[in-house]
Structures are given as structure tokens and as C-alpha cells.
Amino acid sequence: MYIPAAFKMKDVSEMIEVIQENSFATLFSTHKGMSFATHLPLLLNDTKDYLIGHFAKGNPQWKDIENQKVLAIFHGPHCYISPSWYETNQAVPTWNYVAVHVYGEIELMEHDDELMNSFNNMIKKYEHPTSTYSLTQVDEQLVSNLNKGVQGFKLKILSMEGKKKLSQNHSNERQHLVIQKLEEIEHINEQQIARLMKQNNK
């Protein structure tokens with residue numbers, strides 16, 4: 001991705017945080033000579049060198065994806081920035097956002113226990129801490145049918161790059177004006193961008 005120096009994420013741990021907080025990704029590969037994309041959750045393993053996910057068996061993307069070099073995109077918060085918020089109107093609109101691209105190779109899962117482990121990790125991540133839900137309570141036949149209907153995979157991470165466009169190319173005065181205006185907007189993206197801009201200015 002195009003990343004001007006001012007917007008480049010240099011800290012791997014910062015990119016990992018974006019992935020963990022925004023784990024619903026877009027996975028791109030080549031299928032029958034064409035670009036193909038699937039939207040799906042991807043979870044990092046404990047050692048942070050693989051992303052784990054699964055396709056619906058009906059999705060043709062998995063059938064020729066093994067050993068391909070693929071791209072997974074994680075979108076963080078994003079929002080419109082109005083030039084009306086600046087100290088002058090001699091400017092143009094822009095968009096602030098955070099994104100991380102992960103490049104890697106796909107390995108298909110071959111064993112049910114590996115797939116079940118990935119399901120349990122996903123449930124653990126997304127269920128509320130007070131939730132009592134567990135796959136162990138689900139009928140075994142239903143779980144077996146679920147396993148037959150999906151194809152698990154691991155994405156071995158080869159490299160990653162991150163971009164945080166948070167008005168760093170503007171003066172501190174202008175950045176503070178943008179933060180003030182964003183904090184007045186009661187939408188989660190604007191609130192998150194304001195928070196990130198504050199952190200970035202420390």
C-alpha cells in the first residue's frame with residue numbers, strides 16, 4: 001500500500017493491536033486467474049506468526065488458495081475530515097484512517113481438532129466475559145455437520161505494513177482543532193480517530 005513516511009507505522013506491536021481490535025478482515029487471493037476476496041474474522045495465534053480462520057466449504061476461494069501469497073486487510077477506525085474545522089478555509093477535505101496489511105501464505109487445516117480449537121478461540125474472543133455459551137453444550141451431530149461445512153486455514157505471516165493517517169502532515173494547532181471537532185461528533189469512528197490523534201500527539 002502507498003504509505004507516505006509521516007503515516008507509516010513503525011512498531012510491530014502497534015500493528016498487532018490494530019489486528020486484534022479490528023479482526024474482521026478482507027482476505028484477497030487469486031482464484032481462476034482473477035482477484036477474489038472474502039470478508040471473515042482472522043485471529044492471531046499465541047506466537048503472533050499465524051492468522052487463523054475458516055471458509056464456508058461453498059466458497060470456492062479455498063480450493064486453490066493453498067501455498068498462494070495472499071493479502072489480508074484489517075481496517076481500523078476512519079472518518080471524514082472537514083476543512084471547515086481548520087483555522088482557514090484554504091484547504092481541501094480529507095479522510096483519516098488506520099489500516100494494516102498482512103502478507104502471507106495459506107496452509108489448509110486437515111484435522112478436526114485443529115478446527116475445533118480455532119472455533120473455541122473465536123468464541124472465547126467474541127463472547128461477552130459473562131456469557132455461559134460453550135460449544136460443549138451443542139449437540140455433537142450439529143457440531144459435526146458444522147465441521148463438514150467449513151474449511152479451516154492458517155495464514156503464515158511473511159510481512160506486514162501499517163498506515164495511520166491522523167493529520168500528522170498538518171500543524172499541531174490544526175490537529176487540535178480537528179480533535180475538538182471530532183469529539184463533538186457522537187459516532188464511534190470519529191471518537192476513536194480523536195483518541196488516536198491524541199495518543200499520536202504525545
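This tour proceeds through the sheet, two pockets and a few individual residues of a predicted model.

**The sheet**

Begin by selecting the strands. They include an open sheet of 7 strands, arranged in the order 2-1-5-6-7-4-3 with antiparallel pairing. At its edges lie strand 2 (34-41) and strand 3, each of which pairs on one side only. Next, display helix 1, which packs on the sheet and touches strand 3, strand 4, strand 5, strand 6 (94-108) and strand 7 (150-165). The direction of helix 1 makes about 125° with that of strand 7.

**Strands 1 and 2**

Select residues 24-31, which form strand 1. Strand 1 and strand 2 are joined by 8 bridges in the antiparallel sense. As a general point, the strands of a sheet pair through backbone hydrogen bonds, either parallel or antiparallel. For one bridge to inspect here, select Phe-28 together with its partner in strand 2, Ala-37.

Remain in strand 2 and select His-39. Is His-39 buried or exposed? His-39 counts as exposed, because its relative accessibility is 54% and the exposed class begins over 50%. Leaving aside residues up to four places away in sequence, His-39 touches Phe-24, Ala-25 and Thr-26. For a distance across the model, add Ser-144: the C-alpha atoms of His-39 and Ser-144 are separated by 24 Å, and the two residues are 105 apart along the chain.

**Two loop residues with positive phi**

Most residues other than glycine have a negative phi. Two residues may be selected with this in mind. Lys-32, in the loop between strand 1 and strand 2, has a positive phi of about 55° although it is not a glycine. Lys-32 is exposed, with a relative accessible area of 73%.

Move next to the loop between strand 4 and strand 5, where Asn-67 is found. Asn-67 is not a glycine either, and its phi is positive, near 70°. The relative accessible area of Asn-67 is 59%, so this residue is exposed.

**The largest pocket**

Turn now to the pockets. The largest pocket holds about 450 Å³ of space. Of its 19 lining residues, those to select at the start are the closest to the centre: Leu-43, Leu-44, Asn-45, Asp-46 and Asn-121. Two or more lining residues come from each of helix 1 (12-21), strand 3 (43-44), strand 4 (50-56) and helix 2 (112-126). Which element gives the largest share of this lining? Helix 2 does, with 6 residues. Coloured by class, the lining shows 7 nonpolar, 6 polar and 6 charged residues.

**The second largest pocket**

The second largest pocket has a volume of about 300 Å³. Its lining comprises 17 residues, and the closest to the centre are Glu-14, Glu-17, Val-18, Leu-196 and Gln-199. Helix 1, strand 5 (69-81) and helix 5 (188-200) each supply at least two lining residues. Helix 5 provides the largest share, 5 residues. By class, this lining has 6 nonpolar, 5 polar and 6 charged residues.

**A buried residue in helix 3**

Finally, select helix 3 (residues 140-148) and, within it, Asn-147. Asn-147 counts as buried because its relative accessibility is 12%, where buried means under 20%. To view its surroundings, display Asp-112, Leu-115, Met-116 and Phe-119, which Asn-147 touches when residues up to four places away in sequence are not counted.

Conventions:
Residues numbered from 1 in each chain as written. Predicted model: local features only at pLDDT ≥ 70, side-chain atom pairs only at ≥ 80, totals over all residues. Heavy atoms only, no water. Helix = DSSP H or I, 4+ residues; strand = E, 2+ residues; numbered from the N terminus. Buried < 20%, exposed > 50% of the residue type's maximum accessible area, 1.4 Å probe, protein only. Contact = heavy atoms within 4.5 Å. 1 Å grid on protein atoms, 1.4 Å probe; cavity = no way out; pocket = protein on both sides within 12 Å on 5 of 7 lines; lining within 4 Å. Points joined across faces, edges and corners; volume = space filled by probe spheres on them. Nonpolar A, V, L, I, M, F, W, Y, C, P; charged D, E, K, R; others polar. Pairing = 2+ DSSP bridges. Axes fitted to C-alpha atoms, helices over the stretch in contact; angles between N-to-C directions.
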